[in-house]
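Me: I have a new model open and would like to go through it with you. Could you take my questions as they come?

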Amino acid sequence: MPTSRSIVLFTVLATAGAVPTQDWRLRDLAIPLASTFDRARGRLVVVGFRGETSELVGNELRQRTVPLRTPWSPVLCYDPQREVVWSVDIDSGGSAFTVTTARYDGVEWTDVQPPVRPSPRVSFGAAFDTTRGELVLFGGTNSFGSPLGDTWTFDGTTWTPRTPAIAPPARHGMALADDFARARIVLFGGDDGSALDDTWEWDGSTWAARPTGTRPSPRSGHALAFDPVRSRTVLFGGTSTWNVFPPDDTWEWDGQSWSQIVPPAAPPGGRARATAPFDPNRS
C-alpha cells in the first residue's frame, strides 16, 4: 500500500502487459477515467468508466454519487475559489457531440449550460488557473478527426474564446498543469499526427514556447501535475507513435528546464491516459 507518494497516479489505460493487482479499487471495479484532489474536503475525487463518482477516504475508495451522464473523456479540475470540482466532457447522447460543463460540490453534480461553449471535441487539455480563477482549455480533436489549436477560458459562468498572438500548434492528447507558484499553466507534448515534445506556458493572455534543451521524449496521453511543495511540474508515462510500450519515466519541470528523475524504488509500470493529482494531505 503506498504511504508517502506526493502524486497519486490512477491508471486509465495500460497498453502493454497484464493488469497488475491494485491496492485501491473502485467498488464496482470500473476503470477510472479522471481524477482531481478536492482540497476543501481533503479527498481525491474519481469519475469512473461507467460514470460513478468516488472519493478516496483514507485507503478506501467510496462511491459517492451517480453522474449526470455516462462520461466520454472528462477532464476534472479543482476550483479553490468556489471550492468545487469542474468536469469538462462531451455529451454523445444527442445527434451531435456537445461540450458539457458540470460542477461537483462534494454531494452532487450540477449541470452548467453557458450559452457559448467550445466546439465539439475530444482529447483536449484543461487545467484550473488558480491565479486568475478560471479554467483553461486547449486543443483536442474535432468530429472529423482533425487536431484543434484554440484556447478557451471559463470563469464559472461563461466560456470565452481567446485569441492570443502566439499559441501552440494544433494538437490533441497533451497535458496541462497549473503552476500557481509562477502563475503559469504548463502544457507539454500531445499529438498532431506524430507525437510532440514541446513545452508551452500560458500567462493569462498569451502562450510562450519554452526552452528546447533536455526534455521528455515525444508523447501524448501522459500524466502531468504540479507539486507545490517543491515547485515542480511532474510528468509521468504516456505513449508515442514510435514506441509500442508506454514509458515509465518521470520528469520534472522547474520553470526553466526539464530533469529526469530516477526514483529509488521501482516506478509504476508504463501507461498512457493516467491522471496524477497532487495530494496535499501527504505532501
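Me: Let's start with a loop: where does Pro-211 lie?

Reply: This is a predicted model, and in it Pro-211 lies in the loop between strand S16, residues 207-209, and S17.

Me: And what does Pro-211 touch, leaving out residues up to four places away in sequence?

Reply: With those left out, Pro-211 touches Trp-253 and Gln-256. Pro-211 also sits 7.5 Å from Thr-199, C-alpha to C-alpha, and the two are twelve residues apart in sequence.

Me: Is Pro-211 buried or exposed?

Reply: Neither label fits, because the relative accessible area of Pro-211 is 41%, and partly exposed covers what falls between under 20% for buried and over 50% for exposed.

Me: OK, stepping back, how many helices and strands does the chain have?

Reply: The chain has 20 strands and zero helices. Of its 283 residues, 49% count as buried, and among contacts with a separation of 6 or more, residues 24 or more positions apart account for 50%.

Me: What about the largest nonpolar core, which residues have the most contacts inside it?

Reply: That core has 16 residues, and those with the most contacts inside it are Cys-77, Trp-86, Val-88, Leu-135, Leu-137, Phe-154 and Trp-159. Two or more residues each come from strand S5 (75-79), S6, strand S9 (125-129), strand S10 (134-141) and strand S11 (147-154), with the largest share, four residues, coming from S6.

Me: Take Leu-135 then, what does it touch beyond residues up to four places away in sequence?

Reply: Leu-135 touches Cys-77, Trp-86, Val-88, Phe-154 and Trp-159, among others, and the list also includes Ala-127, Phe-128, Trp-152 and Thr-153. Ala-127 turns up again in a second, separate core of ten residues, which also includes Met-174, Trp-200 and Trp-202.

Me: Changing topic, how many cavities of 30 Å³ or more does a search of the whole structure find?

Reply: The search finds one, with a volume of about 150 Å³. Its lining is made up of 13 residues, and Pro-67, Leu-68, Arg-69, Ser-87 and Asp-89 are those that lie nearest its centre.

Me: Which strands supply at least two residues of that lining, and how does it divide by class?

Reply: Strand S6 (84-91) and strand S7 (98-104) each supply at least two residues. By class, the lining divides into seven nonpolar, four polar and two charged residues.

Me: And the second largest pocket, how much space lies in it?

Reply: About 1100 Å³ of space lies in that pocket, which is lined by 50 residues, with Val-75, Leu-76, Ala-126, Leu-176 and Leu-224 nearest its centre. The lining has 32 nonpolar, 14 polar and four charged residues.

Me: Which strand gives the largest share of that pocket's lining?

Reply: The largest share comes from S1, with five residues, while S5, S9, strand S13 (175-179) and strand S17 (223-227) are also among the strands that supply at least two residues each.

Me: Staying with S1, why does Thr-36 count as buried?

Reply: Thr-36, which is in strand S1 (residues 32-38), counts as buried because its relative accessibility is 9%, and the cut-off is under 20%. A polar atom of the Thr-36 side chain lies 3.4 Å from the backbone nitrogen of Tyr-78. Leaving aside neighbours within four places in sequence, the residues in contact with Thr-36 include Arg-43, Leu-44, Val-45, Leu-76, Cys-77 and Pro-277.

Me: What about the segment after S20, where does the side chain of Asp-279 reach?

Reply: The side chain of Asp-279 reaches the backbone nitrogen of Asn-281 at 2.9 Å. Asp-279 counts as buried, at 6% relative accessibility, whereas Ser-283, which is also in the segment after strand S20 (258-261), is partly exposed, with a relative accessible area of 45%.

Me: Last one: what is phi at Ser-283 and at Ala-183?

Reply: Ser-283 has a positive phi of about 55° although it is not a glycine. Ala-183 likewise has a positive phi, near 60°; Ala-183 is found in the loop between S13 and strand S14 (184-191) and counts as buried at 19% relative accessibility.

Technical notes. Residues numbered from 1 in each chain as written. Predicted model: local features only at pLDDT ≥ 70, side-chain atom pairs only at ≥ 80, totals over all residues. Heavy atoms only, no water. 1 Å grid on protein atoms, 1.4 Å probe; cavity = no way out; pocket = protein on both sides within 12 Å on 5 of 7 lines; lining within 4 Å. Points joined across faces, edges and corners; volume = space filled by probe spheres on them. Nonpolar A, V, L, I, M, F, W, Y, C, P; charged D, E, K, R; others polar. Core = buried A, V, L, I, M, F, W, Y, C linked by side-chain atoms within 4.5 Å. Buried < 20%, exposed > 50% of the residue type's maximum accessible area, 1.4 Å probe, protein only. Contact = heavy atoms within 4.5 Å. Polar contact = N/O pair within 3.5 Å; in protein donor to acceptor, adjacent residues only side chain to side chain.
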